[in-house]
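This briefing concerns a protein chain and one of its sheets. Please view the sequence and the structure together before reading on.

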Amino acid sequence: MKKYKVWMPLLALTVLLGLGLAKTSMVKASESMEIRIVDGVFIGNVDVSDLTEEEAHAKVQEQLDALMGTTFELVSENGTVETTLTELGASFDLDTAVQEAVAVGHSGSLIRRFKETEDLKKQEQVVDLRLRVDNQTAARFLYANGKSLNLPAVNMGLVKEGGSFTTVPGSNGNEVDYVASVSAINDAINNWTVGDDTTIKLVCNTVQFKGSESELAKVKDCLGSFSTYFGTGNSGREINVRNGCSLVNGAVVYPGDEFSVNVALSPYTYENGYQEAGSYENGQVVNSMGGGICQVSTTLYNAVIRAELEVTQRAPHSMVVTYVDLSGDAAIAGDYKDLKFKNNTDAPIYIEGYCSGGNICFNIYGQESRAAGRKVDFVSETLSEDKPATNFNLSGDVPLGYYHKDVSSHIGYNARLWKIVYQDGVEQSRDVFNNSTYRASAGTTTVGVAGATEEQLAAINAAIAQAIATKDDQVVEDTVAALAAPPAPVETPQPQAPQQPSEPQNPSQDTTQNPTQDPTQKPTQEPTQNPTQDPTQTPNQDSTQNPGSNTNVDGNNQTTVTQ
């Protein structure tokens, strides 16, 4: 019994040591034998059976590289565009997919592993690669290529001939269903393998056209009208105004629909009828394609607000324009300044635009639903102004007296537009309709100083300082002109002719008073004035003095500047 108690602890220790050694041997054996994915496992559509984790990763990555570098054709019922998965924002999680593939048949309980192995004998198991295009990125791509993929519906229209309207038939359109098409792209790329067709068919829907004979018959009343003058001369600006007007003319906007002037006028290209002309850019006047089309949007804006349609987007110019009052303009610039308005009436509206005699005019036709005797007016109010100082450039490359305005300055303004409503001639309301801010832009003037003396330079700089302080450039222009004017000629005294001896008086003439005349009486006739001079006029001024001039004295030289 005592011997048993002595050997039991030694036996237990021996067993524990044996188990530890066995476990260590098993770990070392597992490390030397890499786990392989069981048969029948796919990652996406790639068979990774009997591959190690590293081999499976490499095989699927090769497939993904080919997939991401492939150009796919997205085909609608109306057109085709090419793209890559990178352009559609595709992404995937390869590491997680490989780990899930390795775990099949190797993780979990014995029962679970047995079941997974038996299931694989009957049906393949596909591990989701989680390859997806980004929904928003793909939808934006499809939308941006809408002109190539979609066939817009053509709503019934109108043509105005004289004083009557004629209807134009409409036609249905066909447009991409963005949500369903993104899902179709995902399905296609998850089943694609190298060598497969690269065409992906998009999902499209039919779009019904708007309008009917009865609905368009409501268009008969002129709701608002406005015109502005743009001039004549076949300049690039005039061509652009006429072209833009023709692109808007004839548009029909149905109830609830929004009209974008920028969409109607663009693209601004030679092919679309435009020329280069002056326009505002960053506070300066520059030549740009389509310069002048803002007069089209501005004229239309004023017709629209008089028709009392709902303006949904409008922006003033960066600087003032001359063809309408402040706050009465509507600028077009890129995709950030647009004129948009909504048809808030119960009938379609028709936009008539035409040019005549250097004027552009828009008329808005529809169904008049406003009370008889109602009139609207719009009045501009200037709240403040900011007159910029001119930047003067003193140039030694041109002579003293040179004064040239290289860039005209523009006064900045804060303004607002009031909408005033009258009923039967009586004002009913007066409300602020919009507010506008126009930037001040400093002009640039070059002043020649070549050959100027120090005194003359000092005089010019003093005049510039005064002009900047008072924001009145005239003092600089006057100073430059005075300094450059030639000195006034000095008159040389002329020798006088010798005086002729006076003739003796007629001896027969009696120098005494008439003896028959009473000496106490005054002469019967007053001495007459010079018959060539009007007694009502003032005496002639000195011919050497110019009454319309200012005199400036510089040292001993006197010069005259005509005002």
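A contact here means that heavy atoms lie within 4.5 Å. On that basis, 71% of the contacts in the protein chain with a separation of 6 or more are made by residues 24 or more positions apart. The model is predicted, and the points below describe the chain as a whole and then one open sheet with the helix that packs on it.

**The chain as a whole**
- The protein chain contains 13 helices and 27 strands.
- Of its 563 residues, 34% count as buried.
- The accessible surface of the protein chain amounts to about 34400 Å², and carbon and sulfur atoms contribute 50% of that area.

**An open sheet of 3 strands**
- The strand order in this open sheet is β13-β17-β16, and the pairing is antiparallel.
- The edges are formed by β13 (258–260) and β16 (310–313); each has a single partner strand, so one side of each is left without a neighbour in the sheet.
- On average, neighbouring strands of the sheet are turned by 30° against each other, direction ignored.

**Pairing of β16 with β17**
- Strand β17 (residues 340–342) pairs with β16 in the antiparallel sense, and 3 bridges join the two.
- Val311 has Phe341 of β17 as its bridge partner.

**The helix on the sheet**
- Helix α11 (residues 293–306) packs on this sheet and touches β13, β16 and β17.
- The direction of α11 makes about 140° with that of β16.

Methods
Residues are numbered from 1 along each chain as its sequence is written. This is a predicted model: local features need pLDDT of at least 70, side-chain atom pairs count only at pLDDT 80 or more; totals for chains, interfaces and linings use all residues. Side-chain values use heavy atoms; hydrogens and water are left out. Helices (H or I, at least four residues) and strands (E, at least two) are DSSP runs, numbered from the N terminus. Buried means under 20% relative accessible area, exposed over 50%, partly exposed in between (1.4 Å probe, protein chains only). Accessible areas come from the Shrake-Rupley method with a 1.4 Å probe; for residues, only the protein chains shown count as cover. Two strands pair if DSSP finds at least two bridges between them. Axes are lines fitted to C-alpha atoms, for helices over the stretch in contact, and angles run from 0 to 180 degrees between N-to-C directions.
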